[in-house]
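Welcome! Please take a moment to look over the sequence and the 3D view below before reading on.

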Amino acid sequence: MPDSLGPDPILAAPPRPAPDAEALRLRRLFPTYGSLEQRAKRRAPRFAYDYAANGVGEGSPNVAHNRHAMDAVRLVPRYGVPVAGVDTRVSLFGRDYAMPIGVSPMGNPGIVWPGTCGILARAAQKARIPYIGSTVANESIETLAKLAPDVYWFQLYAIPGEEHRRSFDLVRRAEAAGAHVLVVTMDVPCRPKRVGDVGNGLEVPFRFRPRTMRDIAMRPAWALETLRKGRPAFESLRAYVPEGSSIFDIAAFGQREMGQAITWDWVARLRDAWPRAMVVKGILHPDDAERAVQIGCDGILVSNHGGRQFDAAPAAIEMLPAIVERVAGRARVLLDGSMREGLDILRGLASGAEFTFAARAFLWAVAALGEAGGNHATYAFLEELRANMAQVGVTTIEEARGLERWLG
Ligand SMILES: Cc1cc2nc3c(=O)[nH]c(=O)nc-3n(C[C@H](O)[C@H](O)[C@H](O)COP(=O)(O)O)c2cc1C
């Protein structure tokens, strides 16, 4: 699909969105990912914080490795060039976005903070960055598409039973709702044993244990907000369970029918069924990227699921250069994993990504600040990206992709 970067009056005068007095106050109080995560940890019950923060095994080694790999990317600045007109706009799959970062799909973020999906969809629409709604989001495909009509993408977790009847139905619904891009997640061929969730009793069937009740009692703001907004469910899956099913029945359906491998044959059939841009997510091997290109995918999201699937996986940013080389411009190569600040976007671009995504950076901002958290996170990414672009001497995203890395 040809990309165009036509004039956009909304985005013409960066930086956007302009912060108001309250936003400036929050900027002072919570200037970093760490400050937001700390507050999120204080506000969400322990089982919920752990669910999002942790990886698989003890100590979440792959989450730590992702950060380590990101920090290892050094960029060589160039000085003496005019940088007053830094422009972060970028075009992807035929649409213009305000900057090359979007919201990665998140399943059940509503247990960390009630209403997270809606808050982030609205913030993404306002900031004009992609919002990828998960199959197991807490709002339905139809609701999210309405909240973020210009930037909504749909992420599919396949439901293999009955010849993928329900996978195709989800895709049909996403098309009807106006999703711009279909993202098929490949890296969940089975359910990993996340030891933190096991220890916290966060499994299906979910049982309220005394410790869970104590956890909740110690988080009154979260408990009140959950009462106000209702307990989070996988709203897009309601269509596939009997009417009147409880949130636990829906979760049990997900447990039974999902979390299985989707094979390339089925990815190819989805490609045939989906008329717009299609991305495969969770790719780490150049041969798998090649396979996706052969099938006709428009994009490859290089990702290790934020370190949540496989402790021995390389970081996505480590595999990125080899995948970019193999794809050789035949598809757009995207990246996620440990994107915490604007500088990380630049690191991703300089390593070969055309666009980047983040999950926890957005989630912690919402869990820390509620409704204001979505805009807080998008503004922070924009502000930091602009400052770092100027610092290294580039004024466009195209130039940022040509930045020199120092590999030691
Ligand atoms: C709470 C949580 C839920 C997630 N749920 C999904 C999901 O439903 N589908 C999916 O493809 N990836 C899911 N992921 C992975 C993210 O989309 C993304 O690949 C990863 O978290 C990026 O790393 P980061 O959190 O360090 O930014 C989830 C991640 C988190 C933290």
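The notes below go through the ligand site, the core, the ring pairs and a few single residues.

Keep in mind that this is a predicted model. The ligand has 22 residues around it, and the protein covers much of its surface, as the first group of points shows. Away from the ligand, you can look for a nonpolar core of 131 residues, the largest one here.

**Around the ligand**
- Of the 22 residues that surround the ligand, the closest are Pro105, Gly107, Ser134, Thr185 and Asp336.
- Sorted by class, this shell holds eight nonpolar, 10 polar and four charged residues.
- Thr185 places a polar side-chain atom 2.7 Å from an oxygen atom of the ligand.
- Asp336 also takes part, with an N or O atom of its side chain 2.7 Å from an oxygen atom of the ligand.
- For Tyr157, the partner is a nitrogen atom of the ligand, which is 2.9 Å from an N or O atom in the Tyr157 side chain.
- On its own the ligand has 600 Å² of accessible area, and the protein covers 97% of that.

**The nonpolar core and helix H16**
- In soluble globular proteins, nonpolar side chains tend to be buried together.
- In this model, the largest nonpolar core has 131 residues, and Val112, Tyr131, Trp153, Ile300 and Trp364 have the most contacts inside it.
- Helix H16, residues 360-369, gives the most to this core, with nine residues.
- Why is H16 described as largely enclosed by the rest of the structure? The reason is that 10 of its 10 residues are buried.
- The buried residues of H16 include Arg360, Phe362, Trp364 and Leu369.
- Just after H16 comes Gly370, which has a positive phi near 65°.

**Aromatic rings**
- Across the whole structure, a search finds eight aromatic pairs.
- One of them joins Phe47 and Trp222 edge-to-face, with 6.3 Å from centre to centre and 90° between the planes.
- This pair links distant parts of the chain, since Phe47 sits in helix H3 (residues 46-53) and Trp222 in helix H10 (residues 220-229), 175 residues apart.
- Are these two residues buried or exposed? Both Phe47 and Trp222 are buried.
- Elsewhere, ring pairs connect Phe93, Tyr97, Trp153, Phe355 and Phe357 into a cluster.

**Two residues and their partners in space**
- Cys117 belongs to helix H5 (residues 116-127).
- Cys117 counts as buried because its relative accessibility is 3%, which falls under the 20% cut-off.
- From Cys117 to Ile132 the C-alpha distance is 9.9 Å, and they are 15 residues apart in sequence.
- Met258 is found in the loop between helix H11 (247-257) and helix H12 (264-273).
- With a relative accessible area of 6%, Met258 is buried.
- Met258 and Tyr157 are 101 residues apart in sequence, yet their C-alpha atoms are 7.1 Å apart in space.

**Positive phi without glycine**
- Which phi does Ser60 have? Ser60 is not a glycine, but its phi is positive, about 45°.
- Ser60 lies in the loop between H3 and helix H4 (61-71), and at 9% relative accessibility Ser60 counts as buried.
- His164 is not a glycine either, and its phi is positive at about 60°.
- His164 lies in helix H7 (residues 161-177), and His164 is buried with a relative accessible area of 4%.

Note on methods: Residues numbered from 1 in each chain as written. Predicted model: local features only at pLDDT ≥ 70, side-chain atom pairs only at ≥ 80, totals over all residues. Heavy atoms only, no water. Near = heavy atom within 4 Å. Polar contact = N/O pair within 3.5 Å; in protein donor to acceptor, adjacent residues only side chain to side chain. Areas by Shrake-Rupley, 256 points an atom, 1.4 Å probe, with all protein chains shown as cover. Nonpolar A, V, L, I, M, F, W, Y, C, P; charged D, E, K, R; others polar. Core = buried A, V, L, I, M, F, W, Y, C linked by side-chain atoms within 4.5 Å. Buried < 20%, exposed > 50% of the residue type's maximum accessible area, 1.4 Å probe, protein only. Helix = DSSP H or I, 4+ residues; strand = E, 2+ residues; numbered from the N terminus. Phe/Tyr/Trp six-rings, centres within 6.5 Å; stacked < 30°, edge-to-face > 60°.
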